Amino acid sequence: MLYDARLDSPTHGVVQKVTLTPQGVRQLLIPVGVWHMNVNIGESEAFLINHPTRGYVHERPDRLLLPWNAPEIPSDVAE
């Protein structure tokens, strides 16, 4: 699930659900400022490989975390 929180974006406030299947390799580019979460709805274990553009610096985090059910994101994972 993706949620565009970028104020200057033409898709600001839009929630998009992307379904990836085990058939073939898929790549999804997520822009800065777009909240995202992964939910495995399949019956078997899923594998996700993250390729960040920069290494993560624990002393200066470059990401924010919200609970999965945060009111800032207008979507229900169970839908």
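The following exchange explains how several terms apply to this predicted model.

User: What kind of model is this, and how are residues numbered?
Analyst: The model is predicted, so local features need pLDDT of at least 70 and side-chain atom pairs count only at pLDDT 80 or more, whereas totals for chains, interfaces and linings use all residues. Residues are numbered from 1 along each chain as its sequence is written, and side-chain values use heavy atoms, leaving out hydrogens and water.

User: Why is valine 18 called partly exposed?
Analyst: Buried means under 20% relative accessible area and exposed over 50%, with partly exposed in between (1.4 Å probe, protein chains only). Valine 18 has 34% relative accessibility, and therefore counts as partly exposed. Valine 18 is located in the loop between strand 2 (15-16) and strand 3 (34-36). Strands are DSSP runs of E with at least two residues, numbered from the N terminus.

User: Which residues form a nonpolar patch with Val18?
Analyst: Leu20 and Leu28 join Val18 in a surface patch with about 240 Å² of accessible area together.

User: What makes strand 1 and strand 3 a pair?
Analyst: Two strands pair if DSSP finds at least two bridges between them. Strand 1 (residues 2-4) and strand 3 have three bridges, in the antiparallel sense, and therefore they meet the definition. Leucine 2 stands opposite histidine 36 in strand 3.

User: Why does one side of strand 2 and of strand 3 lack a neighbour in the sheet?
Analyst: The open sheet has three strands in the order 2-1-3, with antiparallel pairing. Strand 2 and strand 3 stand at the edges, each with a single partner strand, so one side of each has no neighbour in the sheet.

Definitions and conventions:
Patches are made of residues with over 30% relative accessible area and no salt bridge: like charges are joined within 9 Å, nonpolar side chains (Val, Leu, Ile, Met, Phe, Trp, Tyr) within 5 Å. Accessible areas come from the Shrake-Rupley method with a 1.4 Å probe; for residues, only the protein chains shown count as cover. A salt bridge is a side-chain nitrogen of Lys or Arg within 4 Å of a carboxyl oxygen of Asp or Glu. Helices (H or I, at least four residues) and strands (E, at least two) are DSSP runs, numbered from the N terminus.
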